[in-house]
Amino acid sequence: MKTLALLALAPLVLLSGCSAFTDDTVGLDNGVQVAAAFYPLQYVADRVAGDHAEVQNLTAPGGEPHDLELTPRETADVAQDDLVVYERGFQPAVDDAVDENAEGAVLDVTDVVALVPFKEHGVDSDEDDPHFWQDPLLLADVGDAVAKSLAKVDPTHADDYTANAQDLRADLEGLDREYATGLQGCERDTIVVSHDAFGYLQRYGVTMDAILGLSPDSEATPADLARLQRVIRDEGVTTVFSETLASPETADSLARDMGVRSKVLDPIEGLSDETSGEDYLSLMRRNLASLEEANGC
Ligand SMILES: [Zn+2]
């Protein structure tokens, strides 16, 4: 164990030793290295960086970001990044890696986005709701902040970063208009979902009721399921939504028991094998179509 830790630290020491000499040439030598903690942040960083930086996702595709664990090597690798974009409080392993190892710039998106308390999204928790990327306008704010951070790391390309963030914002504002228009005048406003990732849709009049709280890996209690059965009956809910990175079993059986449909609504916490050809925008549009159909909009 000791040997391993030493091995992991060795490149770190070397790097910090020579970083003083390479600061000026960053972006010319090996290119700017950006680490994004999970998919929506990777999408934003990719769009803003364009060709000028290499963006790595700390959460491997198919992985659930809530439960991310990093190997000692991955934790130490954070030291080599020029910029780390992460959301403090969402993935404790990334918080620790940043605290222990980050030597470059760090951007905590909770400094940019004012997270809404879970309670305001109808969830019994004292924590803030981390799933802000369901609101495209909040993600656009993150894009602007990434552009500012990259401009500091790599001033040569500052104008490109700003322009890329503006393009991204235009796309996200367009998506926001599609949501606002598409979810107007729906027959129902309640959605039953797998885990509580959709609270930020409240801005479009959609109210979420989740089978699972906080993490896709928690377990539903019989009392939760009984309450949801009442909600489905009382609100005339047509669809129980499952998701891509967690087992659809509970959602499917709840739908079967109640004689309603079961369909995927993607929390877009990460891409999976089935969604590897998609991106944030296409998945958000797919979700919108499913929401409109389920709620009669
Ligand atoms: Zn989540």
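How many of the eleven residues of α2 are buried? Nine are, so α2 is largely enclosed by the rest of the structure. The views below come from a predicted model.

**View 1. Helix α2 and its cover.** Helix α2 spans residues 39-49. Its buried residues are Y39, P40, L41, Q42, Y43, V44, A45, V48 and A49. Several elements cover them. Among the strands are β1 (32-36), β2 and β3 (83-86). Among the helices are α5, α6 (158-182) and α9 (280-295). Just after α2 comes G50. The phi of G50 is positive, near 55°.

**View 2. Aromatic rings in and beyond α2.** The model holds seven aromatic pairs. Y39 and Y43 form a tilted one. Their ring centres are 6.3 Å apart, with 45° between the planes. Both residues sit in α2, four residues apart, about one turn of the helix. Are Y39 and Y43 buried or exposed? Y39 has a relative accessible area of 5%, and Y43 has 8%. Buried means under 20%, so Y39 and Y43 both count as buried. One aromatic cluster is made of F38, F90, F132 and W133.

**View 3. The zinc site.** Which protein atoms hold the donor positions around the zinc ion? They are NE2 of H66, NE2 of H131, NE2 of H195 and OE of E269. These donors lie 1.9 to 2.1 Å from the zinc ion. Why is the arrangement called tetrahedral? The four donor atoms subtend angles of 99 to 116° around the zinc ion. Tetrahedral requires all angles to lie between 85 and 135 degrees, so the site qualifies.

**View 4. Zinc donors along the chain.** The donor residues follow the spacing H-x64-H-x63-H-x73-E. H66 lies in the loop between β2 (53-57) and α3 (72-77). H131 lies in the loop between β4 (105-108) and α5 (136-153). The pair therefore ties together parts that are 65 residues apart in sequence. Both H66 and H131 are buried.

**View 5. Strands β7 and β8 with helix α8.** Strand β7 covers residues 239-242. T239 and F241 point one way from β7. V240 and S242 point the other way. All four are buried. In which sense does β7 pair with β8 (residues 261-264)? The two strands run in the parallel sense, over four bridges. F241 stands opposite K263 in β8. Helix α8 (residues 249-258) joins β7 and β8 in a right-handed β-α-β unit.

Key: Residues numbered from 1 in each chain as written. Predicted model: local features only at pLDDT ≥ 70, side-chain atom pairs only at ≥ 80, totals over all residues. Heavy atoms only, no water. Buried < 20%, exposed > 50% of the residue type's maximum accessible area, 1.4 Å probe, protein only. Pairing = 2+ DSSP bridges. Right-handed = clockwise from strand over helix to strand, strands pointing away. Donors = N, O, S within 2.8 Å, 3.2 Å for Na, K, Ca; no water. Tetrahedral: all angles 85-135°; square planar, octahedral: opposite > 155°, others 65-115°. Phe/Tyr/Trp six-rings, centres within 6.5 Å; stacked < 30°, edge-to-face > 60°. Contact = heavy atoms within 4.5 Å.
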